[in-house]
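New to this one? Here's a quick briefing to read alongside the sequence and the 3D view.

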Amino acid sequence: MNEYGKEVTESEKETAVFYFSYPKEKICRMAEHITDAFFHGFTSQNRERGERKRVRLFYRIGQEALAVQVAHCIEEKGLLPVVIDPVLERRIEKEQFDTDSVAKEALIDLYEQVFYRYQKETADVCGMIGIGEFGEKEKKEKRKFTKTDRNCPKKGGRTVCSAFRTVVL
């Protein structure tokens with residue numbers, strides 16, 4: 001697992017141990033369910049897949065056993081799984097290049113080169129399957145509300161609570 005080039009957490013290692021020790025028949029049924037749900041989405045949302053063959057597949061580190069089976073199910077349906085960089089538990093945002101020192105024209109040129117290089121592949125993508133986290137999560141401490149939180153000011157028919165920094169409809 002450390003081949004990802006990033007620090008792998010104990011939680012991710014435990015997830016991998018769980019999946020690789022889980023009965024293969026159950027992993028296969030889970031993968032079939034995920035794949036069937038993907039295809040059902042085309043019917044229920046009245047969308048055409050057309051001739052597009054690629055399915056972007058991403059998963060969290062530790063879920064490799066399930067991801068491999070999902071990819072296999074995608075292939076059995078005649079499509080091509082394109083595995084995206086696995087999501088690390090600690091990755092909040094992807095690494096970003098400092099573009100302040102790069103000329104705008106150079107960036108535009110680079111984007112155009114990449115777009116034209118992968119235009120055919122991108123146009124061939126019919127959808128995406130993401131295997132997220134599920135199961136028991138760590139319990140977080142409940143937030144206690146103050147009298148101020150309960151008396152949020154009203155603005156334009158909406159209640160704005162500064163304690164949440166969100167708008168409650």
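What follows is a short tour by topic, from the core out to the surface. Keep in mind that this is a predicted model. The big items are a largest nonpolar core of 19 residues, three salt bridges, and a nonpolar surface patch of about 260 Å². A search for disulfides across the whole structure comes up with zero.

**The core**

- Start with the largest nonpolar core, which has 19 residues; the ones touching the most other members are Phe38, Val55, Leu66, Val70, Ile129 and Ile131.
- Four elements each give two or more residues to this core: helix H2 (24-44), strand S1 (54-58), helix H3 (64-76) and strand S3 (125-130).
- H3 supplies the largest share of the core, with seven residues.
- As general background, nonpolar side chains in soluble globular proteins tend to be buried together.
- Phe38 is a good residue to click on: leaving aside residues up to four places away in sequence, Phe38 touches Val55, Leu79, Cys126, Gly127, Met128 and Ile129.
- One of those contacts of Phe38 is Cys126, and Cys126 counts as buried because its relative accessibility is 9%, under the 20% cut-off.

**Salt bridges**

- In general, side chains of opposite charge can pair when their charged atoms come close. There are three salt bridges to look at here.
- Glu10 and Lys13 join their side chains in a salt bridge, at 3.7 Å from N to O. These two sit three residues apart in helix H1 (residues 10-21), so about one helical turn separates Glu10 from Lys13. Glu10 is exposed at 53% relative accessibility, while Lys13 is partly exposed at 31%.
- Asp36 pairs with Lys77, and their closest N and O atoms are 3.5 Å apart. This pair ties together distant parts of the chain, 41 residues apart: Asp36 is in helix H2, and Lys77 is in the loop between H3 and strand S2 (80-83). Asp36 is partly exposed, at 42% relative accessibility, and Lys77 is partly exposed too, with a relative accessible area of 44%.
- Arg54 and Asp124 make a salt bridge through their side chains, at 3.2 Å from N to O. Again, distant parts of the chain are linked: Arg54 belongs to strand S1, Asp124 lies in the loop between helix H5 (119-123) and S3, and the two are 70 residues apart. Arg54 counts as partly exposed, with a relative accessible area of 22%.

**Cysteines**

- With zero disulfides found in the whole structure, Cys73 is in none either; the nearest cysteine sulfur belongs to Cys28 and is 6.8 Å away. A disulfide would need the two sulfur atoms within 2.5 Å, which is why this pair doesn't make one.
- Cys73 is buried, at 7% relative accessibility.

**Out on the surface**

- Which residues make the nonpolar surface patch of about 260 Å²? They are Leu110, Val114 and Tyr118.
- Leu110 has its place in helix H4 (residues 104-117). Leu110 is partly exposed, since its relative accessible area of 44% falls between the 20% and 50% cut-offs.

**One backbone detail**

- Asn46 has a phi near 55 degrees, which is a positive value in a residue other than glycine.
- You'll find Asn46 in the loop between H2 and S1, where Asn46 counts as exposed at 71% relative accessibility.

Methods:
Residues are numbered from 1 along each chain as its sequence is written. This is a predicted model: local features need pLDDT of at least 70, side-chain atom pairs count only at pLDDT 80 or more; totals for chains, interfaces and linings use all residues. Side-chain values use heavy atoms; hydrogens and water are left out. A nonpolar core is a set of buried Ala, Val, Leu, Ile, Met, Phe, Trp, Tyr and Cys residues joined through side-chain atoms within 4.5 Å. Buried means under 20% relative accessible area, exposed over 50%, partly exposed in between (1.4 Å probe, protein chains only). Contact means heavy atoms within 4.5 Å. A salt bridge is a side-chain nitrogen of Lys or Arg within 4 Å of a carboxyl oxygen of Asp or Glu. Patches are made of residues with over 30% relative accessible area and no salt bridge: like charges are joined within 9 Å, nonpolar side chains (Val, Leu, Ile, Met, Phe, Trp, Tyr) within 5 Å. Accessible areas come from the Shrake-Rupley method with a 1.4 Å probe; for residues, only the protein chains shown count as cover.
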